[in-house]
There are 2 protein chains.
Amino acid sequence: MAALDGLTVAVLGGTGPQGRGLVRRWAAAGIPVLVGSRDSGRAAETAAELAEATGGDVRGLANADAAAAGDVVIVSVPYDGHAELLRSLAGALAGKVVVDCVNPLGFDQQGAYALAVPDGSAAQEAAALLPDSIVVAAFHHVSAVILNDPAIPSVDTDVLVLGEGEHRDATDLVRALAEAIPGVRGVYAGRLRNAHQVEALTANLIAVNRRYKAHAGLRVTDL
Amino acid sequence: MAALDGLTVAVLGGTGPQGRGLVRRWAAAGIPVLVGSRDSGRAAETAAELAEATGGDVRGLANADAAAAGDVVIVSVPYDGHAELLRSLAGALAGKVVVDCVNPLGFDQQGAYALAVPDGSAAQEAAALLPDSIVVAAFHHVSAVILNDPAIPSVDTDVLVLGEGEHRDATDLVRALAEAIPGVRGVYAGRLRNAHQVEALTANLIAVNRRYKAHAGLRVTDL
């Protein structure tokens with residue numbers, strides 16, 4: 001896709017299940033990808049595995065180096081640690097499109113539930129901590145299991161992409177990143193003030209998965 | 001569907017766009033329906049129109065009489081007035097399955113947004129006000145425009161159905177009510193503590209509708 005020509009994507013938390021799955025799919029699509037991790041050794045190991053598996057251009061770096069080197073930066077880390085990581089990277093991320101994929105969830109014996117986030121959502125927290133970046137929220141509902149399964153060539157889900165109306169270029173870029181994954185469609189789904197429910201809906205998909213033994217995703221109809 | 005045999009469905013707020021659309025579809029499916037409204041005259045008028053349009057068994061009553069006469073009661077009223085109505089009907093609704101479809105949303109020049117609800121969600125508010133009823137949350141995302149359009153025979157959406165795990169009969173009943181509408185599938189999607197984000201996601205669908213000139217619904221994939 002022309003919008004992605006020449007761009008390198010950095011995935012912070014790229015050794016976790018969700019991050020790793022996105023790296024795999026983008027590498028397979030021919031997009032240069034940087035795997036970021038707290039541990040640069042683990043990042044290099046994951047990058048080598050995924051480069052080998054996909055034939056793609058994948059390198060591993062510490063999160064801070066990946067953030068500095070990436071043109072677009074995906075934040076795919078546990079919510080616990082999210083604020084601290086972004087606060088430390090505000091300088092490196094200035095001027096860039098930062099894509100927050102974080103789902104602030106708690107778990108107990110009744111399953112998953114949405115955590116209260118002081119800023120409203122992880123995406124709004126990112127926007128508050130990164131005043132010089134353009135924050136977009138996306139990739140909350142894509143099953144990590146499916147992303148990581150090379151036997152599933154096409155991923156049957158839409159990616160809801162949220163961002164401010166005046167950042168249309170950024171949300172269009174993230175829609176293009178979503179659509180670089182075969183089967184996926186990127187759908188603009190509102191401003192960051194409406195990110196909370198998109199993040200929290202992951203708890204419902206976890207309930208669906210438990211009831212139906214599925215790896216549920218979402219499609220938006222009538223588009 | 002066997003689960004629905006002999007049941008009469010009451011729709012409180014049955015003269016509003018969403019309620020009216022549900023009445024139309026259930027009447028067309030052969031389910032006896034009571035249209036409830038603050039104004040029994042308007043209820044009777046809507047009921048007569050929809051009985052004529054569908055050939056179904058539709059009667060109009062004041063909300064309180066519909067609540068008393070229905071076996072299953074759908075709450076499809078504006079959020080403003082929701083608590084007051086349910087508080088007044090707690091006796092009539094005791095022992096019944098009450099299906100809350102309410103989306104607590106605000107609107108401003110930037111579109112729709114989720115309102116903060118003291119109990120967490122309209123569905124949890126209903127459960128708190130109706131301790132002797134079984135509250136299920138469902139039908140938040142079905143387009144009223146599509147429901148009310150007789151030229152669209154099949155509705156391309158899933159209905160997310162939420163309720164407590166110990167009320168499986170009730171959530172299964174509501175899934176059957178959803179599936180009485182051609183094209184619709186009822187999908188169990190978690191407990192009421194996860195209803196907020198399902199209600200609030202309607203704000204995102206409104207943003208989708210605005211961007212894409214659509215009447216968006218949702219399908220859950222991999223089921």
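Reader: What makes the meeting of the side chains of B:D172 and B:R168 a salt bridge?

Author: In this predicted model, the closest N to O distance between B:D172 and B:R168 is 3.4 Å. A salt bridge requires a side-chain nitrogen of Lys or Arg within 4 Å of a carboxyl oxygen of Asp or Glu. The value of 3.4 Å meets that limit, so the pair is called a salt bridge. In general, side chains of opposite charge can pair when their charged atoms come close.

Reader: Where do B:D172 and B:R168 lie?

Author: Both belong to helix 7 (residues 168-179) of chain B, where they are four residues apart, about one turn of the helix.

Reader: Why is B:R168 called partly exposed?

Author: The relative accessible area of B:R168 is 39%. Partly exposed residues fall between the limit for buried, under 20%, and the limit for exposed, over 50%. B:R168 is therefore partly exposed. The same reasoning applies to B:D172, which has 27% and is partly exposed.

Reader: Which parts of chain A does the salt bridge of A:D158 and A:R185 tie together?

Author: The side chains of A:D158 and A:R185 meet at 2.7 Å, N to O. A:D158 lies in strand 9 (residues 158-161) and A:R185 in strand 10 (residues 185-188), so the pair ties together parts that are 27 residues apart in sequence.

Reader: Is A:D158 buried or exposed, and how do you know?

Author: A:D158 has a relative accessible area of 2%. Because buried means under 20%, A:D158 is buried. Its partner A:R185, at 26%, is partly exposed.

Reader: How do you know that the salt bridge of A:D108 and B:R193 crosses between chains?

Author: The closest N and O atoms of A:D108 and B:R193 are 2.9 Å apart, and the two residues form a salt bridge. A:D108 is in strand 6 (residues 105-108) of chain A, whereas B:R193 is in the loop between strand 10 (185-188) and helix 8 (196-212) of chain B. Both residues are partly exposed, A:D108 at 31% and B:R193 at 26%. Over all chains, the structure holds 18 salt bridges.

Reader: What makes the relation of chain B to chain A that of a two-fold axis?

Author: A rotation of 180 degrees with 0.0 Å of shift along its axis superposes chain B on chain A, with an RMSD of 0.0 Å. That is the relation of a two-fold axis. Among the residues of chain B, B:Q197 comes closest to the rotation axis, its C-alpha being at 2.1 Å.

Reader: Why is helix 8 of chain A called oblique to helix 8 of chain B?

Author: The axes of the two helices come within 9 Å and cross at roughly 140 degrees. Roughly antiparallel needs an angle over 145 degrees, and roughly perpendicular covers 65 to 115. The angle fits neither, so helix 8 of chain A is oblique to helix 8 of chain B. The crossing is left-handed. Residues that meet there include A:Q197 and A:L201 of chain A, and B:Q197 and B:L201 of chain B.

Reader: What makes the phi of A:F139 worth a remark?

Author: A:F139 has a positive phi of about 65 degrees although it is not a glycine. Most residues other than glycine have a negative phi. A:F139 lies in the loop between strand 8 (134-137) and helix 6 (144-147) of chain A.

Reader: Why is A:F139 called buried, and A:K213 exposed?

Author: A:F139 has a relative accessible area of 1%, and buried means under 20%, so A:F139 is buried. A:K213 has 73%, and exposed means over 50%, so A:K213 is exposed. A:K213 also has a positive phi, of about 50 degrees.

Notes
Residues are numbered from 1 along each chain as its sequence is written. Chains are lettered from A and ligands numbered from 1 in the order in which they are written. This is a predicted model: local features need pLDDT of at least 70, side-chain atom pairs count only at pLDDT 80 or more; totals for chains, interfaces and linings use all residues. Side-chain values use heavy atoms; hydrogens and water are left out. Buried means under 20% relative accessible area, exposed over 50%, partly exposed in between (1.4 Å probe, protein chains only). Copies are superposed by least squares on the C-alpha atoms of residues with pLDDT of at least 70 in both. Axes are lines fitted to C-alpha atoms, for helices over the stretch in contact, and angles run from 0 to 180 degrees between N-to-C directions. Angles under 35 degrees count as roughly parallel, over 145 as roughly antiparallel, 65 to 115 as roughly perpendicular and the rest as oblique. A crossing is left-handed if the near helix is turned anticlockwise from the far one by less than a right angle, and right-handed if clockwise. Contact means heavy atoms within 4.5 Å.
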